[in-house]
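Dear colleague,

I am passing on the structure we spoke about, with the sequence alongside, and my notes on what came out of it follow below. Please read them with the coordinates open.

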Amino acid sequence: MSGSIAEELEELRRQGLHRRLRPVAGSQGSRVWMEGREVLLLCSNNYLGLADHPLLKEAAVRAVERFGTGSGASRLVSGTMELHEALEERLARFKGTEAALLFNSGYAANSGIIPALAGKGDVIFSDRLNHASIVDGALLSRAKLVRYPHNDVAALRRLLEANPTPGRRLIVTDGVFSMDGDVAPLRELVALKREHGALLMVDDAHGTGVLGAGGRGSGEMLGVTGEIDLQMGTLGKALGSFGAYVAASRELVEYLVNRARSFIFSTSLPPAALAASLAAIDLVDSPEGETLRRRLDRKAGFFREAATEAGFDTMGSKTQIVPLLVGEAELAMTFTQRLLDEGIFAQGIRPPTVPAGTCRLRCTFMATHEDRDLVRAVAVMARIGRELGVI
Ligand SMILES: *Cc1c(COP(=O)(O)O)cnc(C)c1O
């Protein structure tokens, strides 16, 4: 047994797919300490810089003083505290829905919501580039899983027509695709789900706090927020805290409380995370939030244009996630290491996170990045990219 594990690890190394942890010292700022040196951080999802914002820290500290460190139980036992209810009420108001329900992480949300909504006899239609937690939720559900080509509405229509069922049909998509930085065609998906009597679920892990008026997400940006049955989002990325939510009708929330196993069988979020999330939503939904979003948009836009001009393929990115296509795994990891040697941390992304042959540097931006750091980063990336034959 242990022999075969060693062999598997060796095989991963041979294929350039072996992964290891790289500890980062201090808080998640735009520059961090790593392996004994300061590096420019170009792969954090702390898009608005809220993960060490004074208002969030203060809210978390106060919550610990008042409510302690742990919630002590799952929500349906004794783990529903006033902060859970306050945050759910605030999230529903933020998203403009009847209700909202917290989950312990985005992974827990997707792997709990999807099997609650779909089971044997039902069909799940999932974009091919959806996040792994959606795929895992679909596999757990025992429903039929139909993966449609990325953002291909015509193909999805044909697949809906080819897969009728007396059961439920669920269309699920990332709002912003986490490894590509492009946006789902939500207007068209809303039309399709209506036409075919399906439910639509949007995972807005990367849109929440960033896109649309008030940072309400990709649905708001595309003017269809009220038409999405389940708007899932996370609290650990742009919101700088931890956890996840789904905003939906009162009926769907009541149903998930009774059916979503990752909600039912897990200790609820602790006070510090809840209070930080509450402070984050207030901030995101304020003029300061607007300023941060504009700054973020400008930084990512500058980088996307400069990288494209240098000859990189940014894979259709439209957001603060800007991948640079590299190709093979080894090459992507060499690129990451060469950049690290020059004080820039942009993580190479390999299978199974992305399809083979599309390994990339996934560069992500923060409102707190300095312009001069980004100017230097593009120049260094272009030089190394040419040396490695990427561009
Ligand atoms: C990060 C991410 C998740 C998981 O959220 P966590 O809170 O980190 O568990 C789910 N979906 C997408 C699209 C993500 O990018």
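The centres of domain 1 and domain 2, taken over C-alpha atoms, are 26 Å apart, and the contact between the domains involves 22 residues from domain 1 and 19 residues from domain 2. Please bear in mind that this is a predicted model. As for the bounds, domain 1 is made up of two stretches, 16-45 and 287-387, while domain 2 runs over 54-284. Between them the two domains bury about 1400 Å², with 56% of that area on carbon and sulfur atoms. On the domain 1 side, N45, R293 and I321 account for 35% of the area buried against domain 2, which is more than any other three residues supply.

Turning to the pockets, the largest one holds about 1100 Å³ of space. Its lining comprises 42 residues, and those closest to the centre of this pocket are R19, C43, Q347, G348 and I349. Both domains take part, since at least three lining residues come from each of domain 1 and domain 2. In terms of secondary structure, α4 (106-117), β9 (230-234), α13 (329-341) and β13 (348-349) each contribute at least two residues to the lining of the largest pocket. By class, that lining consists of 13 nonpolar, 19 polar and 10 charged residues.

The second largest pocket has a volume of about 300 Å³. It is lined by 15 residues, with L129, N130, P352, T353 and V354 nearest its centre, and the lining is made up of seven nonpolar, four polar and four charged residues. Where does the second largest pocket lie with respect to the two domains? Because domain 1 and domain 2 both give residues to its lining, this pocket lies between them.

Finally, there is an open sheet of four strands, in the order β1-β2-β3-β12 and with mixed pairing. The edges are formed by β1 (24-25) and β12 (344-345), each of which has a single partner strand, so that one side of each is left without a neighbour in the sheet. The pairing of β1 with β2 (residues 31-34) is antiparallel and rests on two bridges, and in this pairing V24 stands opposite M34 of β2.

With best wishes

Definitions and conventions
Residues are numbered from 1 along each chain as its sequence is written. This is a predicted model: local features need pLDDT of at least 70, side-chain atom pairs count only at pLDDT 80 or more; totals for chains, interfaces and linings use all residues. Side-chain values use heavy atoms; hydrogens and water are left out. On a 1 Å grid over the protein atoms alone, a cavity is a set of points where a 1.4 Å probe fits but cannot get out, and a pocket is an open set with protein on both sides within 12 Å along at least five of seven lines; lining residues have an atom within 4 Å of a point. Grid points are joined across faces, edges and corners, and a volume is the space filled by probe spheres set on the points. Ala, Val, Leu, Ile, Met, Phe, Trp, Tyr, Cys and Pro count as nonpolar, Asp, Glu, Lys and Arg as charged, and the others, Gly among them, as polar. Domain bounds come from an automatic or database domain assignment. Two strands pair if DSSP finds at least two bridges between them. Contact means heavy atoms within 4.5 Å. Buried area is the accessible area (1.4 Å probe) that two parts lose on being put together, summed over both.
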